[in-house]
Amino acid sequence: MFKFKDYDLKHYNVSLLGLVIILGSVGMVLIQRLQDANERQFEKQVLGYILGVSLAIFISLIDYHFICKFYIPLYIINFILLVIVKFSPWGKAHYDAKRWILIPGINQEVQPSELTKIIIILFFAKYFDMMHRQINKLGVLALSFVLIAIPTGLILIQTDLSTSIVLGVTFLAMLFIAGLSYKIILPTIAIAVPAFAALFWYVQQPYQILLNEYQQLRVLAMVHPELYPDLAYQQSNAAKAIVSGGMTGKLLTDGNAPLKSGMVPVIESDFIFTAIAEAFGFVGSVIVILLLALFVYKAIRIAKHARDYQGMMIASGIASLVMFQIFVNIGVVTSILPNTGIPLPFVSSGLSALMGNMIMVGILLNVSLQNDRMIPKKEELSL
């Protein structure tokens, strides 16, 4: 479990942990400013970060090979939690979406789909590690698609289309990194691109059956915002708040200036980037994006220098997941994508997402501890 002799503790990736804390601090400053007087989101986020950083440090000392040994029990536990969310009285709904489990006694809600993200990465890192020499065989590919379809389908019916898409994209990225042949990739892309265009047209039609009504309306509101002003309200107000931030933002020029982003629903979570742009301006927004990109870059470097295939797959999966979530979150806020609920990693409020992210950071740090510098070179072995 704790294999300290295999760890390169002298190179503990403190900068990665520091980067996460900086991003979290940006979010906490804005949450404190934007929360209502009777809310305690800031206090919860501060406590969450203290617990989360402690959890990340603890997990960073647990051998990721040990964790991956339990890939099947983890998959089963995740399946049970997702079933409980949708089909048991413990499942909790907000705005017609049933995504949370209410924990009796402490009156706290958790979102199992946030845990699903890291479990899926660990599961397929182990699965592809065992099957990487047979990755292009039809049976191996078919089984992998079935295994990802089960949790993705359960999350989709919650309804949580955005998280389902994130899981699907992360899985496809890991499948590509695992060594999928270009003989499979290129024909698939040739079919997928026109199929996606046709699908995008189809879901806008009144007779479509793939999306719920509100999901279809969100797509239509993105394409024709002038026809759906009520549905485009959130993104329209977000755009106004972003523009009002100007080049350097309101907080740097006038610390007491009111923020228009406070009028945007769920500003503390899915639309936190709106507050970043208004408070810190274009310059601050670019800096935050660069910090997030730096996290992804560090994860990719950890994957490149991982000690083995399994560690490389874990770090690559985390990099893919975080990168896609950043793209979707900022894409929604800037009206590039349809309105959907994806938090900005390490910045948005929400204890479930924060704990899930911190678990990922801890595992990523452990992969970094067991890097290729720890493997003896041939000349050392000869001695």
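Mentor: Buried means under 20% relative accessible area, with a 1.4 Å probe. Keep that cut-off in mind. This is a predicted model.

Trainee: What share of the residues in the chain is buried?

Mentor: Of the 383 residues, 49% are buried. Now take the surface. The chain exposes an accessible area of about 18900 Å². Carbon and sulfur atoms account for 69% of that area.

Trainee: How do I read the overall size? What radius of gyration does the chain have?

Mentor: Compare the value with a rule for globules. A compact globule of 383 residues would have a radius of gyration near 21 Å, and the chain, at 22 Å, agrees with that. The C-alpha trace spans about 70 × 50 × 45 Å along its principal axes.

Trainee: What do the contacts add?

Mentor: Look at sequence separation. Take contacts between residues at least 6 apart in sequence: 72% of them join residues at least 24 apart.

Trainee: How many helices and strands are there?

Mentor: The chain has 15 helices and 3 strands.

Trainee: How are the strands of a sheet held together, in general?

Mentor: They pair through backbone hydrogen bonds, parallel or antiparallel. Here, 3 strands form an open sheet in the order S1-S2-S3, and the pairing is antiparallel.

Trainee: Why is one side of S1 and of S3 left without a neighbour in the sheet?

Mentor: Strands S1 (91-94) and S3 (108-110) stand at the edges and have a single partner strand each, so one side of each stays free of a neighbour in the sheet. On average, neighbouring strands are turned by 50 degrees against each other, direction ignored.

Trainee: Which residue stands opposite Ile103?

Mentor: Gln108 in S3 does. Strand S2 covers residues 97-103, and 3 bridges join S2 to S3.

Notes: Residues are numbered from 1 along each chain as its sequence is written. This is a predicted model: local features need pLDDT of at least 70, side-chain atom pairs count only at pLDDT 80 or more; totals for chains, interfaces and linings use all residues. Side-chain values use heavy atoms; hydrogens and water are left out. Two strands pair if DSSP finds at least two bridges between them. Helices (H or I, at least four residues) and strands (E, at least two) are DSSP runs, numbered from the N terminus. Axes are lines fitted to C-alpha atoms, for helices over the stretch in contact, and angles run from 0 to 180 degrees between N-to-C directions. The radius of gyration is taken over C-alpha atoms; the globule rule is 2.2 Å times the number of residues to the power 0.38. Buried means under 20% relative accessible area, exposed over 50%, partly exposed in between (1.4 Å probe, protein chains only). Contact means heavy atoms within 4.5 Å. Accessible areas come from the Shrake-Rupley method with a 1.4 Å probe; for residues, only the protein chains shown count as cover.
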